[in-house]
Amino acid sequence: MERSDSSSASSVDQPIYAPTPIRPGLPSRRSSGTMIVPRDSVSAFGPVDMHIGPDDVRAMSPRRTSQDIENLGKEARMELQRHAKALQDSLITLFNRIEAVKEEHHKLDNNNKFLQKYIGDLMTTSKITASSSRAKK
């Protein structure tokens with residue numbers, strides 16, 4: 001496929017090169033030095049016993065004491081007991097309501113059966129009455 005214009009001829013002769021991406025250099029860091037500690041100097045780097053007074057800011061930790069934790073536990077238990085009591089009361093209320101509805105349903109069902117029997121008896125007597133009146137005519 002050759003084109004007649006001159007720009008296509010020059011582009012076929014020259015290959016297209018994409019620029020090569022250049023990585024940025026790593027930042028320079030200072031050496032942290034050696035971490036090796038001689039055996040005889042371990043006591044200098046061991047735990048330091050500090051005696052902090054009760055008024056020192058470092059002694060005022062936000063951590064809770066065992067008494068605080070015990071009080072929180074008691075409050076949580078009391079709250080759970082109140083919640084459980086409320087759930088039990090609502091369950092008893094629901095149970096009583098269900099029993100009342102069952103009783104009402106049973107009463108209405110018995111009344112319905114009584115009315116069905118009464119209507120059935122009326123229909124039977126009306127058929128007997130109607131057939132006997134036709135026979136007399």
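The points below go through the predicted model of this protein chain, from its confidence and overall make-up to its charged pairs and a surface patch.

1. Confidence. Because this is a predicted model, the confidence values deserve a look before any detail is read. The protein chain has an average pLDDT of 78, and 64% of its residues score at least 70. Among the elements, helix α3, which covers residues 66–136, has the highest mean pLDDT, at 91, whereas helix α1, at residues 6–13, has the lowest, at 52.

2. Secondary structure. The protein chain contains three helices and zero strands, and the order of its elements along the sequence reads α-α-α. The residues discussed by name in the points on charged pairs, including Glu70 and Lys74, lie in helix α3, the element with the highest mean pLDDT.

3. Burial and surface. Of the 137 residues in the protein chain, buried ones make up 1%. The accessible surface of the chain amounts to about 14400 Å², and carbon and sulfur atoms account for 59% of that area.

4. Salt bridges, and the pair Glu70 and Lys74. Side chains of opposite charge can pair when their charged atoms come close. Five salt bridges are found when the whole structure is searched, and one of them joins the side chains of Glu70 and Lys74, with a distance of 3.7 Å from N to O. Both residues belong to helix α3 and are four residues apart, which corresponds to about one turn of the helix. Glu70 is partly exposed, with a relative accessibility of 42%, and Lys74 is also partly exposed, at 41%.

5. The pair Lys85 and Asp89. A salt bridge links Lys85 with Asp89, and their closest N and O atoms are 3.4 Å apart. How far apart along helix α3 do Lys85 and Asp89 stand? They are four residues apart, so that about one helical turn separates them. Lys85 counts as partly exposed at 48% relative accessibility, while Asp89 counts as partly exposed at 35%.

6. The pair Asp109 and Lys113. Further along the chain, Asp109 makes a salt bridge with Lys113, where the closest N and O atoms lie 3.6 Å from each other. Asp109 and Lys113 are also in helix α3, and because they are four residues apart, about one helical turn lies between them. Asp109 is partly exposed, its relative accessibility being 29%.

7. A nonpolar patch. Which residues make the nonpolar surface patch of about 640 Å²? The patch is formed by Phe114, Leu115, Tyr118, Ile119, Leu122 and Met123. Phe114, one of these residues, is located in helix α3. With a relative accessible area of 56%, Phe114 counts as exposed, because that value is over 50%.

Note on methods
Residues are numbered from 1 along each chain as its sequence is written. This is a predicted model: local features need pLDDT of at least 70, side-chain atom pairs count only at pLDDT 80 or more; totals for chains, interfaces and linings use all residues. Side-chain values use heavy atoms; hydrogens and water are left out. pLDDT is the predictor's confidence in each residue, from 0 to 100. Helices (H or I, at least four residues) and strands (E, at least two) are DSSP runs, numbered from the N terminus. Patches are made of residues with over 30% relative accessible area and no salt bridge: like charges are joined within 9 Å, nonpolar side chains (Val, Leu, Ile, Met, Phe, Trp, Tyr) within 5 Å. Accessible areas come from the Shrake-Rupley method with a 1.4 Å probe; for residues, only the protein chains shown count as cover. A salt bridge is a side-chain nitrogen of Lys or Arg within 4 Å of a carboxyl oxygen of Asp or Glu. Buried means under 20% relative accessible area, exposed over 50%, partly exposed in between (1.4 Å probe, protein chains only).
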